[in-house]
Amino acid sequence: MHKLLTDAPGKAMLLLGNEAIARGALEAGVSFTTCYPGTPSSEIPQQFFEISKETELFFEYSTNEKVAMEVGGAAAVSGLRTMVTLKLVGLNVAADPFMTLAYVGVKGGMVIVNADDPSMFSSQNEQDNRYFARLAGVPLLEPTNAQEMKDFTVSAFDLSEELQLPVLLRTTTRLNHITSAVVLGKLKPVKTKVVFEKNPSQFVTMPANARRMHGVLLEKYERAQDLAATSPLNQIIGDGRWGIVANGVSFDYVKDAVSDLGIWDQVSILKLGFSWPPPDALYLKFMSQVDKLLVVEELEPLNERELQALAQRNGISIPIQGKGVGNLSRHLEYNPGMVRQAIAEFLGVPCHLPKIPDLSRLPDLPGRPPNLCPGCPHRASFYAVKEVYGEDTIYPSDIGCYTLGIAPPFNMADFCICMGASVTGSCGFSRCTDQKVVGFIGDSTFFHSGITGLIDGVYNNHKFTLVILDNGTTAMTGYQIHPGVDARPLGVDRTQVSIEAIVRGCGVKDVHVIQPFKVKKAIEAIKAAKEYDGISVIISKEMCALFGKATHQIKKVRPFYINHDKCKNHRVCVQKLACPAMYLDGDHVEINSDLCTGCMVCAQICPENAIMPLKG
Amino acid sequence: METTRIVIIAVGGQGNLLSSRLLGEAALSKGIPCVISEIHGMAQRGGIVESAVLLGDVSSPIVSVGEADVFLGFEPLETLRGLGKCTRDTIVITNTRPLPPFTVAVGQGTYPLVDVILENLRTRVDRVIAFDGTALAAEAGNPLSLNMVMLGALIGSEAIPLKEEEVKDAIRNSTKKVFLESNLKAFDLGMAAVQ
């Protein structure tokens, strides 16, 4: 049995924040779950995927976030409790249905979990998605620890049903990947099916209906604002004359800082868990009982501006500050020391800085950037394409492990902004320059948003080569299934969709399917694609080494070694492949047999044939 | 309750996250409040993986610069690189066996001598516990049990309020049978290395 199905109310269990959200959804009786995986939220759907094999819970990995929002939206409109999980930029993709779902409203509770990523540990920007609650006019809940990630999820479902409005549950990376004890509540049974009750005047947003439903949304906003002002999710802690307002993980930093500084008797904290619509009545009460106010929030100064505007409207003149105090800025995540220092500076209390050792005279330390794994088929694909297309070609790339093609020796990521832009970027570059263009996109990303771009390329007669890196899984986010894979090894029944058939169906005439570990043949196919006058697609098919090993689809193969009788130390292997299984021992290249997966790519490019399989 | 802030630095694949999780399980069973944080994602692809384990009366899931009480490094270069988390009073426990990054093999930088790394640690921190944990893991019968060796050393250093049996119970409860014996042996060897 999955551990999140443990039926033991009151038991404390060590849970990852994302696991706590999944458990909260189960305690709220969630019956319909969808997502496109994205770090830092990926572990939520991973739980649902496993749990759906054991229970009546419906779960799907949707082809992209917009699809996930619409599939989930239909269930919520019909009356099922529904959860959609996204990373920050995922909500950009799903923004279209999200905005108008707020107009039509929902019948079953609909919770949209949105994981922001201050400091961009695994994202291409650090947008503050609290803006999305404002943009759509939906309530925003923000937990501050693992326990609240579970509890607020339950509250979010209740709130959503009460207002008949989707609710945004917003986390940040630090909370998604926090682990601590969570006290379990009761599990609720799953409602599997409902009857959809037609009501076109509500659900069909023709202008006349949309005009009316916008009015309905604004009325719900008023009610939500009253609920926020009295919600137990917002709390005033302490009764000192120095006020601090904090949300999310910042609240934890504030709480620890006030303890460390020993100023609990002088401080009161407004802990914001239900921060949009703004709880004006509560804000006014809080401002009336403090002499000055510090707002601690990561990224944009949204609560700060809200409080300042409210104070101005009500003739309140206490100082209200946030960004710019100490090192509090709009850029990157906060940390406990930074928040402690800012509070001390704002309140004028002493704060001891830790004595950090002098690190100015350390020896030069070689970098350790992330890298493609040993046996990664992308490395072989990059090598083969580079041999044919060289340095001067423009290489638009996409979101996935293969973005790491940016690293030397390949340097094969010249443009990468969002899912699918490798294809559409290739369309643009091939028109605005006379340079050769080769785009790289992963299999899951191709399904997510590569297909429309490919059709654009065919239809508008653009000329470039697209390499679809088909490694049989959504590798970067933790090996999720996607439409192109055989899902049976993961214990579920899905219909596999052929990438090659889609590519041909889009009208591409020049299609090559290669196995990148067969280096010579791969290079021949890429040369043919380069000669073609139009759009060529190369489908480079080889399973992700880690995924294959984890699912026993790749049997242990024989690792290779370097025969030093033959090796003339050209170092073509390390210089051209930079495989992490290779290292320098004094002056010679060696292969770490624990790391080598036996992909044989290095053996095929060694000019002396000095790389050989280990015997035994 | 006293707060203990532990930072664990490792290279992707060395088992950092499991070791912080086991500390959490041991703390939970003993009734010590515990917050763990970790960074997933890109860092897994051969990069640096950092986790933090905070025990006691604390809410923040991360450790700021200069605030680690204990600093556990699974790889010597990364121990030195991460030293900003420490002060002179931090207890530093490090594996001495290098795992050179691929940048060294392609000629972008050289890996410092291990003695130079240790010298740099010792001039900046009063208590540095250093030993070849990778060799101990191999001795225990499983090269992948380095994380257990390091956990053993952490407990052996008596720097945190958790005892041998509490962590061993957590290991017993979460290890596949085939690895249990080697994991416990690795833990013992790590403990012995600091005593």
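**Helix 5 of chain B and its surroundings**

Student: What covers the buried residues of helix 5 of chain B?

Tutor: The cover includes strand 5 (91-95), strand 6 (127-131), helix 6 (146-156) and helix 8 (177-194) of chain B. Here helices (H or I, at least four residues) and strands (E, at least two) are DSSP runs, numbered from the N terminus. This is a predicted model, where local features need pLDDT of at least 70, side-chain atom pairs count only at pLDDT 80 or more, and totals for chains, interfaces and linings use all residues. Residues are numbered from 1 along each chain as its sequence is written, while chains are lettered from A and ligands numbered from 1 in the order in which they are written.

Student: Which residues of helix 5 (residues 133-140) of chain B are called buried, and what makes a residue buried?

Tutor: They are Gly133(B), Thr134(B), Leu136(B), Ala137(B) and Ala140(B). A residue is buried if 20 or more other C-beta atoms, placed from the backbone, lie within 10 Å of its own; with 12 or fewer it is exposed, and in between partly exposed.

Student: Why are the buried residues said to line one face of helix 5 of chain B?

Tutor: Looking down the helix axis, those residues fall within an arc of 160°, so they line one face. The arc is that of the directions from the helix axis to the C-beta atoms.

Student: What comes just after helix 5 of chain B?

Tutor: Gly141(B), with a positive phi of about 105°.

Student: How do you know what chain B's radius of gyration should be for a compact globule?

Tutor: The rule is 2.2 Å times the number of residues to the power 0.38, and the radius is taken over C-alpha atoms. For 195 residues that gives a value near 16 Å; chain B has 16 Å, so the two agree. By the burial rule, 61% of the residues of chain B count as buried.

Student: How many residues does each chain give to the contact?

Tutor: Chain B gives 53 residues and chain A gives 51. Two residues are in contact if their C-beta atoms, placed from the backbone, lie within 7 Å. On the side of chain B that touches chain A, strand 2 of chain B gives the most, with five residues.

Student: What makes strand 8 (residues 178-183) of chain A and strand 2 of chain B a pair?

Tutor: Pairing takes at least two bridges found by DSSP. These strands have three bridges and run antiparallel, so they pass that cut-off. Ser180(A) stands opposite Val35(B) in strand 2 of chain B.
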